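Visitor: Could you take me through one part of this model in close detail? I would like to see how its helices sit against one another.

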Amino acid sequence: MKEEVISMAFLTKDELNTVGDLNLIDLLTDVNDEIVTEIIDESIDKMKGYLSRFYDIDTIFNATGDTRKKSIVKRLKDIVIYEIYERHTRETNAVAGRRYSEAIDWLEKSYTGELGDRTLPPKVEEPEESEGTAGDFRFGGDVQYQSNF
């Protein structure tokens, strides 16, 4: 008997009901859940690009259910809803546009370090192996010259 692998997604289409009407989402995507899944994956990738500078993105995006960080889920939903509207029409929904702008602003501030979220897991820096002259300290000196005065 073949075992079925069940993958737990970080965000599902049904969870978008807090920021948009699922009937409208179905209308905008022609009831194609693959489109929604692809937009969610693309949006997660976009968020990873911003958050990877200071935060452990594997820990953040491998979380499921109640262990997910609510601020990340909220901003992801805002980005996904905006992208769904953008896919269907070039006329921006005002609310979706505002929420998208707020989410991107939050991500940019997180990237620059202006906004430090101490509740997110920090990025674990692995020490680099070096050969004595690389890194913060350099040992040795310039050639010594003798002078006669």
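Guide: In this predicted model, the buried residues of α2 pack against α1 (22–28), α3 (57–62), α4 and α5. Those buried residues are I35, V36, I39, I40, S43, I44, M47 and L51. Helix α2 itself covers residues 33–51. With 19 residues at 1.5 Å a residue, α2 should span 27 Å, and its end C-alpha atoms are indeed 27 Å apart, so the two values agree.

Let us follow α2 to one of its partners. Helices α2 and α5 pack at an angle of about 35°, and their axes are 8 Å apart. On the α2 side, the residues that meet α5 are K46, M47, G49, Y50 and L51. On the α5 side they are Y100, I104, W106, L107, E108, S110 and Y111. By class, the residues of this contact divide into 8 nonpolar, 2 polar and 2 charged. M47 and L51 deserve a second glance: both belong to the contact with α5, and both are among the buried residues of α2.

Now for the other helix that packs against α5. Helix α4 (residues 70–88) meets helix α5 (residues 94–112) at an angle of about 130°, with the axes 8 Å apart. The pair α4 and α5 is therefore oblique, and the crossing is left-handed. From α4, the contact draws on S71, I72, K74, R75, D78, I79, I81, Y82, E83 and Y85. From α5, it draws on A96, G97, R99, Y100, A103, I104, W106 and L107. The residues of this contact divide into 11 nonpolar, 2 polar and 5 charged. Y100, I104, W106 and L107 of α5 take part here, and these residues also appear in the contact with α2.

Helix α4 rewards a look in its own right. It has 19 residues and reaches 27 Å from its first C-alpha to its last, close to the 27 Å expected at 1.5 Å a residue. Helix α4 is mostly covered, with 14 of its 19 residues buried.

Two residues let us zoom in on this crossing. The first to visit is S71, which is found in helix α4. Its relative accessibility is 18%, so S71 counts as buried, the cut-off being under 20%. Apart from neighbours within four places in sequence, S71 is in contact with W106 and D117. W106 is also one of the α5 residues in the contact with α4.

The other is G97, which lies in helix α5. At 11% relative accessibility, G97 counts as buried because it falls under the 20% cut-off. Setting aside neighbours within four places in sequence, G97 is in contact with Y82 and T92. Y82 is one of the α4 residues in the contact with α5. Another residue of α4 in that contact is E83; the C-alpha atoms of G97 and E83 are separated by 9.6 Å, and the two residues are 14 apart along the chain.

Stepping back, here is the setting for these helices. The secondary structure of the protein chain comes to 5 helices and 0 strands, in the pattern α-α-α-α-α along the sequence. Of its 149 residues, 33% count as buried. Among contacts in the chain with a separation of 6 or more, 73% are between residues 24 or more positions apart.

How values were computed. Residues are numbered from 1 along each chain as its sequence is written. This is a predicted model: local features need pLDDT of at least 70, side-chain atom pairs count only at pLDDT 80 or more; totals for chains, interfaces and linings use all residues. Side-chain values use heavy atoms; hydrogens and water are left out. Axes are lines fitted to C-alpha atoms, for helices over the stretch in contact, and angles run from 0 to 180 degrees between N-to-C directions. Helices (H or I, at least four residues) and strands (E, at least two) are DSSP runs, numbered from the N terminus. Angles under 35 degrees count as roughly parallel, over 145 as roughly antiparallel, 65 to 115 as roughly perpendicular and the rest as oblique. A crossing is left-handed if the near helix is turned anticlockwise from the far one by less than a right angle, and right-handed if clockwise. Contact means heavy atoms within 4.5 Å. Ala, Val, Leu, Ile, Met, Phe, Trp, Tyr, Cys and Pro count as nonpolar, Asp, Glu, Lys and Arg as charged, and the others, Gly among them, as polar. The expected span of a helix is 1.5 Å times one less than its number of residues. Buried means under 20% relative accessible area, exposed over 50%, partly exposed in between (1.4 Å probe, protein chains only).
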